[in-house]
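Colleague: I would love a guided tour of one small part of a protein, told in a way that a newcomer can follow. Could you take a close look with me?

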Amino acid sequence: MDNFPPGFAHYPHYFDASQQNALILAVKSGVEQAPFFVPRMPRTGTPMSVVLSNFGALGWVSDKDKGYRYDPVHPTTGKPWPAMPELLLDLWDNVTGYEAQPECCLINWYKDGAKMGAHIDNDEQDTRAPVVSVSLGDPAMFRMGGPKRGGPTQGLKLFSGDVVVMAGESRFCYHSVSKVFYGESALVPRGGRINLTLRRVALP
Ligand code: MD3
Ligand code: FE
């Protein structure tokens, strides 16, 4: 991470094995109330390769007609998202020191072959708040670019228990997940990688 943009921080193995298990148990119970759903690209309706759920007052969703947005309810059940786990609120306070709490924890589940193309997260009103990411299960190759699409990128392999914080300039940089090393970890019950991203959505 020598040349990562200002504001980017990587905490390898922030969570130990027992904390990773506790987070997986929280995800398991969350998705009983708010099952994983397939997000679709705006306009085309093409399915993305990850499946999603959320914790917190606002969930990130995407569909053909209404596109990317934050919604207080699940797209198929119409029910509120499960509460944000305490462990994640503590993580946010410890690594960001930000004045307001995150309202959203997006849960991305990468099954065999899933990836995420280069994008910038800008559906939040509060883009001054950092974004915090937790990796669980199979490792992944994360790639960070600059503020313009198509520029040079740098890779960082993320392992289970790693935490990444994007503040400052890094918050406005293109990033992607180019590969998941499927089957390298046994943490996720039905296999693959789970990424949790904590986001502040509304202006404080
Ligand atoms: C850099 N998720 O959900 S987490 C996403 O591993 C997303 O599932 C990836 O990108 C994943 O939007 C990467 C790390 C991350 C999250 C948000 C960022 C990096 C970021 C926002 C701005 C810059
Ligand atoms: Fe992102």
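In which strand is the place of Asp71? Please start there, and then show me the surroundings.

Modeller: Happy to! One thing to keep in mind from the start is that this is a predicted model. Asp71 has its place in strand E4, which covers residues 67-71. Is Asp71 buried or exposed? Buried means a relative accessible area under 20%, and Asp71 has 16%, so it counts as buried.

Now look at what surrounds Asp71. Leaving aside residues up to four places away in sequence, Asp71 touches Ala57, Leu58, Gly59, Val61 and Trp81. Trp81 is worth remembering, as it is also a member of a nonpolar core of 16 residues, along with others including Phe37, Trp60 and Ala114. Asp90, on the other hand, is 19 residues from Asp71 in sequence, with 24 Å between their C-alpha atoms.

Let us step back and see where strand E4 belongs. The chain has two helices and twelve strands. Reading from the N terminus, the order is β-α-β-β-β-α-β-β-β-β-β-β-β-β. With 204 residues, the chain has a radius of gyration of 16 Å, close to the 17 Å from the globule rule, so it is as compact as a globular protein of that length. Its C-alpha trace spans about 45 × 40 × 35 Å along the principal axes.

Asp71 has plenty of buried company: buried residues make up 51% of the 204 residues in the chain. Contacts also join parts that are distant in sequence. Of the contacts with a separation of 6 or more, 74% are between residues 24 or more positions apart. As for the outside, the chain exposes about 9,700 Å², and carbon and sulfur atoms supply 53% of that area. There are 20 positive and 20 negative charges, and their mean positions lie 9 Å apart.

What about the interior? In soluble globular proteins, nonpolar side chains tend to be buried together. Here the largest nonpolar core has 30 residues, and those with the most contacts inside it are Leu88, Leu91, Val134, Ile194 and Leu196. Both helices give two or more residues to this core, namely H1 (17-33) and H2 (86-96), as do strands E2 (51-55), E5 (104-110), E7 (131-137), E10 (163-166) and E12 (193-199). Take Leu88 as an example: not counting residues up to four places away in sequence, it touches Leu23, Phe55, Cys105, Val134, Leu196 and Leu198. The core of 16 residues that includes Trp81, the neighbour of Asp71, is separate from this one.

It helps to set Asp71 beside another aspartate, Asp126. Asp126 lies in the loop between strand E6 (116-119) and E7. With a relative accessible area of 1%, Asp126 is buried. Beyond residues up to four places away in sequence, Asp126 touches Tyr98, Arg171, Arg200, Val201, Ala202, Leu203 and Pro204. Arg40 is 86 residues from Asp126 along the sequence, and their C-alpha atoms are 24 Å apart.

A strand can also hold a residue that is not buried. Gly155 is in strand E9 (residues 154-158), and its relative accessibility of 36% makes it partly exposed. Not counting residues up to four places away in sequence, Gly155 touches Phe4, Met141, Phe142 and Arg143.

Finally, visit three residues in loops. His13 sits in the loop between strand E1 (8-11) and H1, and at 49% relative accessibility it counts as partly exposed. The phi angle of His13 is near 50°, a positive value in a residue other than glycine. Arg43, in the loop between H1 and E2, also has a positive phi, near 70°. Arg43 is exposed, with a relative accessible area of 70%. Gly183 lies in the loop between strand E11 (175-180) and E12, and it is exposed at 57%. Its C-alpha atom is 30 Å from that of Tyr68, a residue 115 positions away along the chain.

To return to where we began: Asp71 is a buried residue in strand E4, and one of the residues it touches is Trp81.

Key
Residues numbered from 1 in each chain as written. Chains lettered and ligands numbered in written order. Predicted model: local features only at pLDDT ≥ 70, side-chain atom pairs only at ≥ 80, totals over all residues. Heavy atoms only, no water. Helix = DSSP H or I, 4+ residues; strand = E, 2+ residues; numbered from the N terminus. Rg over C-alpha atoms; globule rule 2.2 N^0.38 Å. Buried < 20%, exposed > 50% of the residue type's maximum accessible area, 1.4 Å probe, protein only. Contact = heavy atoms within 4.5 Å. Areas by Shrake-Rupley, 256 points an atom, 1.4 Å probe, with all protein chains shown as cover. Lys, Arg positive; Asp, Glu negative; His and termini not counted. Charge placed at Lys NZ, Arg CZ, Asp CG, Glu CD. Core = buried A, V, L, I, M, F, W, Y, C linked by side-chain atoms within 4.5 Å.
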